[in-house]
Amino acid sequence: MQKILEIEDVTVSFDGFKALNDLNFNLDVGELRVLIGPNGAGKTTFLDVITGKTKPTKGRVLFKGRNLRSLSEHQIARLGIGRKFQTPRVYLNLTPRENLELTSNRKKNVWSTLVGKPKNAERNSVAGLLETIGLSSRADIPAGLLSHGEKQRLEIGMLVAQSPDLLLVDEPVAGLTDEETENIGDLLLALAESHSILVIEHDMEFVRQIARKVTVLHQGSVLCEGNIDQVQNDPKVIEVYLGQPMDDSDTAHSLELEASGSEL
Ligand SMILES: Nc1ncnc2c1ncn2[C@@H]1O[C@H](COP(=O)(O)OP(=O)(O)OP(=O)(O)O)[C@@H](O)[C@H]1O
């Protein structure tokens, strides 16, 4: 299977503290993977080394076989990596349609004339995207009037409008209702048919909805990888989530694991 992302022995040190520690990770082309781990496990740093925001102290990050070492964040984004941050960043006074047009146009000016693929362009047309993200009937109202979940879907649409090959999605369902959470899950599953996707998420019910394979990060390394049942029943994972002194948010994470029906 062809790899879209290869992380080889990556360490990131901050003043001697290893936020990532000899990390190895691969993502297949077309795969949808979920990354979980307790607070401070290195999840954000993991995304930062992929986007080039942080450079590895040691090791290599390859995207489509290309070493990203000497590339800037901007160059890496143009190679086809799109990142969605936790809080939606949409233009609230513009409509969803205008938000999507703006993102598509910006890309067109800069880049798509060079790499434009008609099929993708068609799929990513604004009308098609509005349908994909379930906002066709809300396309022409100010985005400020959308619910939090709808804004999240709009921002995912804006990301897709830039035609990335790899989508990095950071905690997309934090603070959403159950129904909105399920909508986001369905959207990511639909996008997974034509993209490689890496999602960071704590909500285990959501992880169960979308994940085929889960990677657990702990102290900057991969602790365990497998399907959701394998991961939730792995003694090492149980220990990490429940066997250590925890702050409040760690407790919240472990409770989510419990609530999801595992044997924890
Ligand atoms: N710029 C930095 N300088 C020093 N330490 C850092 C820096 N960035 C991250 N760290 C440390 O590295 C560790 C991993 O942080 P990171 O934010 O990647 O974890 P995380 O898994 O995303 O956690 P959370 O779930 O709380 O967001 C933490 O202990 C953090 O304090």
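In which sense do β3 and strand β9 pair, and over how many bridges? Keep that in mind while we walk through the structure, which is a predicted model.

Let's begin with the sheet as a whole. Six strands make it up, it is open, and the order across it is β6-β7-β8-β3-β9-β10, with mixed pairing. At the edges you'll find β6 (81-84) and β10 (221-226); each has a single partner strand, so one side of each has no neighbour in the sheet. Going from one strand to the next, the twist averages 20°.

Now for the opening question. Strand β9 covers residues 213-218, and β3 pairs with β9 in the parallel sense, over four bridges. If you want a spot to look at, find Arg33, whose bridge partner in β9 is Lys213. Strand β8 (residues 196-200) also runs parallel to β3, and four bridges join the two. Here the pair to look for is Leu32 opposite Ile197 in β8. As a reminder, strands of a sheet pair through backbone hydrogen bonds, in either a parallel or an antiparallel way.

With those partners in place, is β3 enclosed or not? Five of the five residues of β3 (residues 32-36) are buried, so the strand is largely enclosed by the rest of the structure. In a regular strand, side chains alternate between the two faces of the sheet. You can follow this along β3: Leu32, Val34 and Ile36 point one way, Arg33 and Leu35 point the other way, and all are buried. So Arg33, the partner of Lys213, is one of the buried residues, by the burial count that makes β3 largely enclosed.

Next, go over to β6. Four bridges join β6 to strand β7 (residues 166-170), and the two run parallel. Ile81 is the residue to pick out here, standing opposite Leu166 in β7. Helix α2 (residues 73-80) packs on the sheet at this point, touching both β6 and β7, and its direction makes about 105° with that of β6.

Finally, the ligand. Around it sit Phe14, Phe17, Ala19, Gly37, Asn39, Gly40, Ala41, Gly42, Lys43, Thr44 and Thr45. Two elements, β2 (17-28) and α1 (43-51), each supply at least two residues of this shell. Which of the elements gives the most? That is α1, with three residues. In chemical terms, the shell divides into four nonpolar residues, six polar ones and one charged one.

Conventions: Residues are numbered from 1 along each chain as its sequence is written. This is a predicted model: local features need pLDDT of at least 70, side-chain atom pairs count only at pLDDT 80 or more; totals for chains, interfaces and linings use all residues. A residue is near a molecule or strand if its C-beta atom, placed from the backbone, lies within 6 Å of it. Ala, Val, Leu, Ile, Met, Phe, Trp, Tyr, Cys and Pro count as nonpolar, Asp, Glu, Lys and Arg as charged, and the others, Gly among them, as polar. Two strands pair if DSSP finds at least two bridges between them. Axes are lines fitted to C-alpha atoms, for helices over the stretch in contact, and angles run from 0 to 180 degrees between N-to-C directions. Two residues are in contact if their C-beta atoms, placed from the backbone, lie within 7 Å. A residue is buried if 20 or more other C-beta atoms lie within 10 Å of its own, exposed if 12 or fewer, and partly exposed in between; C-beta atoms are placed from the backbone.
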